[in-house]
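Open your viewer, get comfortable, and take this walk one selection at a time.

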Amino acid sequence: YDYQNEFISKLDIEEMANSPIYEDTATLSEVILYKNKKKLHKNAKIQLYTNKIVVTPAKGEAITYSFDEATSVTVLGRSKVDIYIDNRVFQLKGDRSFNGIKYVNFYTKYRNMKKGDKYAKFFLNIHVLMHTPLSFL
């Protein structure tokens, strides 16, 4: 974790914004708070950019979740990432090899950069992140 944090803190992500830096396969759902989840796309291709997450379903058009629009990105356990946009929550759920921390790290790095702190160090409390959106920390 410390190595990944240090590595991302030093990256100049503006130069990397036009190409995906990582790809995964996951299920995309919309979380209906205090009720259930509505599965939107199974086995979708997930592309992490330094300023957005792009979900491309097997059938249909790509969906872009811009870090400018997201109020928070959180990791739940190891294999789930929640993306908070407006009053909606979208969840990516991958298999055992899926690691959601990278999504939170790049979201946080992007937000720090937008605030003018291009090389900010950030220390995420993983236990708290498992249950709390970053916007509440």
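Is Glu30 buried or exposed, judging by its relative accessible area? Keep that in mind while you look around. What you have on screen is a predicted model, so begin with how confident the prediction is.

**Stop 1: colour by confidence**

Colour the chain by pLDDT. The mean for the chain is 82, and 77% of the residues reach 70 or more. Now select residues 125–137, where the pLDDT is below 50. In the model this stretch has 27 contacts beyond near neighbours in sequence, but read them with that low confidence in mind.

**Stop 2: Glu30 and its partner**

Select Glu30 and show its side chain. Glu30 is buried, because its relative accessible area is 12% and buried means under 20%. Next add Arg88, whose side chain meets that of Glu30 in a salt bridge at 2.9 Å, N to O. Glu30 belongs to strand S1 and Arg88 to strand S7, so this pair ties together parts that lie 58 residues apart in sequence. Unlike its buried partner, Arg88 is partly exposed, with a relative accessible area of 42%. Here is an idea to carry along: side chains of opposite charge can pair when their charged atoms come close.

**Stop 3: the other salt bridge**

The model holds 2 salt bridges by the rule used here. To find the other, select Asp24 and Lys102, whose side chains meet at 3.5 Å, N to O. Asp24 sits in strand S1 and Lys102 in helix H2, so the pair joins parts that are 78 residues apart in sequence. Both ends are covered: Asp24 counts as buried at 11% relative accessibility, and Lys102 is buried with a relative accessible area of 9%.

**Stop 4: strand S7 and its two partners**

Select residues 88–94, which make up strand S7. Of its 7 residues, 5 are buried. Now add strand S1, residues 22–32, which pairs with S7 in the antiparallel sense over 6 bridges. To see one match, pick Leu28 and its bridge partner in S7, Leu92.

Then add strand S6, residues 80–85, which also runs antiparallel to S7, again over 6 bridges. Here you can pick Tyr84 together with its bridge partner Val89 in S7. While you have these strands on display, remember that in a regular strand the side chains alternate between the two faces of the sheet.

**Stop 5: two turns**

What links S6 and S7? The two strands form a hairpin with 2 residues between them. Select Asp86 in that turn: its phi is positive, about 55°, although it is not a glycine. Asp86 counts as exposed, at 65% relative accessibility.

Now move to the loop between S1 and S2 and select Tyr34. Its phi is near 65°, another positive value in a residue other than glycine. Tyr34 is exposed, with a relative accessible area of 86%. These angles are worth a look because most residues other than glycine have a negative phi.

**Stop 6: helix H2**

Select residues 101–114, helix H2. How many of its 14 residues are buried? The count is 12, and among them are Ile101, Tyr103, Phe106, Tyr110 and Met113. From first C-alpha to last, H2 reaches 20 Å, close to the 20 Å expected at 1.5 Å a residue. After the helix comes Gly116, with a positive phi near 100°.

**Stop 7: the nonpolar core**

Stay with H2 and go inward. The largest nonpolar core has 25 residues, and those with the most contacts inside it are Ile53, Ile83 and Leu92. S1, S2, S3, S5, S6, S7 and H2 each supply at least two residues of this core. H2 gives the most, with 7 residues.

Zoom in on Ile83. Leaving aside neighbours within four places in sequence, its contacts include Ile53, Tyr65, Val73, Phe90 and Leu92.

**Last stop: Ile85**

Finish at Ile85, in strand S6. Ile85 is buried, with a relative accessible area of 9%. Beyond its neighbours within four places in sequence, Ile85 is in contact with Tyr65, Glu69 and Ala70. Now try the distance tool from Ile85 to Val73: they are 12 residues apart in sequence and 9.1 Å apart in space, C-alpha to C-alpha.

Key: Residues are numbered from 1 along each chain as its sequence is written. This is a predicted model: local features need pLDDT of at least 70, side-chain atom pairs count only at pLDDT 80 or more; totals for chains, interfaces and linings use all residues. Side-chain values use heavy atoms; hydrogens and water are left out. Buried means under 20% relative accessible area, exposed over 50%, partly exposed in between (1.4 Å probe, protein chains only). Helices (H or I, at least four residues) and strands (E, at least two) are DSSP runs, numbered from the N terminus. Two strands pair if DSSP finds at least two bridges between them. A salt bridge is a side-chain nitrogen of Lys or Arg within 4 Å of a carboxyl oxygen of Asp or Glu. A nonpolar core is a set of buried Ala, Val, Leu, Ile, Met, Phe, Trp, Tyr and Cys residues joined through side-chain atoms within 4.5 Å. Contact means heavy atoms within 4.5 Å. pLDDT is the predictor's confidence in each residue, from 0 to 100. The expected span of a helix is 1.5 Å times one less than its number of residues.
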